[in-house]
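Welcome! Please take a moment to turn the structure around before reading on. The report below will walk you through it part by part.

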Amino acid sequence: MRDDAAQHGLLPVHLHILQYLAQANHYSDLPIAIAEYLGITRGTVSQSLAVLEGKELLIKAPDPRHGKRVHLHLTAAGESVLQASWAERVGRALAAIPSGGIACEITLFNLLRALQRVNGQRPFGICRQCTHFLSDADGAHCGLTREPLAQEQTSRICREWTAPAEA
Ligand code: SF4
């Protein structure tokens, strides 16, 4: 991770932020959500965003409905930094394991979930696996915000994600 970041004149935390934003939905592409997801201070987030914006790897877009709120989006240059990154290589290595690495992925998922609990962190999860996710003939909706969800948002991660009740 350090080597990957250094190739672009960045620190590992900058790559973590880019990787997070590449997956985050429109409720979660916010500075406060980055701080929650990575367990870092708002000051560190603010400094890191200034670096990434200065290198034109992300842009800030004002929220049309919420005054001071800004959404963070990767630029094409930001996306290209992630190509062939450590996370991409892990994904390819998992896929190359016989049976697609499914068993390994489940083990990693359970390990990370347990670590989230131990560290008292908010569980971010994939939208369509959330207890609030609703889908009908009209499309996908969020049961929490009562807003429609664009299809491409349903595979992203969300700071409001809630695990479905266990059967
Ligand atoms: S359904 Fe859950 S994960 Fe999806 S946007 Fe709503 S709260 Fe977030």
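## Around the ligand

Let us begin with the ligand in this predicted model. The residues around the ligand are Asn 25, Tyr 27, Cys 127, Cys 130, His 132, Phe 133, Cys 142, Leu 144, Thr 145, Cys 158, Glu 160 and Trp 161. By character, this shell divides into 8 nonpolar, 3 polar and 1 charged residue.

Cys 130, a member of that shell, is a good one to pick out. You will find Cys 130 in the loop between strand E3 (125-126) and strand E4. Is Cys 130 buried or exposed? Cys 130 is buried, because 20 other C-beta atoms lie within 10 Å, and a count of 20 or more is what being buried requires. Leaving aside residues up to four places away in sequence, Cys 130 touches Gly 125, Cys 158, Trp 161 and Thr 162. Cys 158 and Trp 161 also belong to the residues around the ligand. Cys 142 is another residue of the shell; the C-alpha atoms of Cys 130 and Cys 142 are separated by 9.1 Å, with the two residues 12 apart along the chain.

## An open sheet of three strands

Next, look for the sheet. Its 3 strands follow the order E4-E5-E6, forming an open sheet with antiparallel pairing. E4 and strand E6 (148-149) are at the edges and have a single partner strand each, so one side of each is left without a neighbour in the sheet. Strands of a sheet pair through backbone hydrogen bonds, in either a parallel or an antiparallel way.

Now for the details of each pairing. Strand E4 (residues 133-136) and strand E5 (residues 139-142) are joined by 4 bridges in the antiparallel sense, and they make a hairpin with 2 residues between them. Along this pair, Phe 133 stands opposite Cys 142, Leu 134 opposite His 141 and Ser 135 opposite Ala 140. Both Phe 133 and Cys 142 are among the residues around the ligand, which links this part of the sheet to the place where we started.

E5 and E6 also run antiparallel, joined by 2 bridges. His 141, which faces Leu 134 in one direction, stands opposite Pro 148 in E6. The hairpin of E5 and E6 has 5 residues between the strands.

## Two residues with a positive phi

The loop between E5 and E6 is the place of Arg 146. Although Arg 146 is not a glycine, it has a positive phi of about 60°. Arg 146 is exposed, because 9 other C-beta atoms lie within 10 Å, and a residue with 12 or fewer counts as exposed.

Elsewhere in the chain, Glu 56 has a positive phi of about 60° and is not a glycine either. Glu 56 sits in the loop between helix H4 and strand E1 (58-62). With 11 C-beta neighbours inside 10 Å, Glu 56 counts as exposed.

## Helix H3 and its buried side

Which residues of helix H3 (residues 31-38) are buried? They are Ala 33, Ile 34 and Tyr 37. These residues lie on the same side of H3, because they cover an arc of only 105° around the axis. The general background is simple: an α-helix has 3.6 residues a turn, so residues three or four places apart point the same way.

What do the buried residues of H3 pack against? Their partners are helix H2 (12-23) and helix H4 (42-54). Just after H3 comes Gly 39, which takes a positive phi of about 65°.

## Two domains and an exposed leucine

Finally, step back to view the whole protein chain. It is divided into domain 1 (2-82) and domain 2 (101-158). Taken over C-alpha atoms, the centres of domain 1 and domain 2 are 20 Å apart. Where the domains meet, 9 residues of domain 1 are in contact with 9 residues of domain 2. On the side of domain 1 that touches domain 2, there are 3 nonpolar, 5 polar and 1 charged residue.

One last stop is Leu 115, found in helix H7 (residues 102-118). Leu 115 counts as exposed, because it has 10 C-beta neighbours inside 10 Å. From C-alpha to C-alpha, Leu 115 and Ser 99 are 26 Å apart in space, and in sequence they are 16 residues apart.

Technical notes
Residues numbered from 1 in each chain as written. Predicted model: local features only at pLDDT ≥ 70, side-chain atom pairs only at ≥ 80, totals over all residues. Domains from an automatic or database assignment. Contact = placed C-beta atoms within 7 Å. Nonpolar A, V, L, I, M, F, W, Y, C, P; charged D, E, K, R; others polar. Near = placed C-beta within 6 Å. Pairing = 2+ DSSP bridges. Arc of directions from axis to C-beta.
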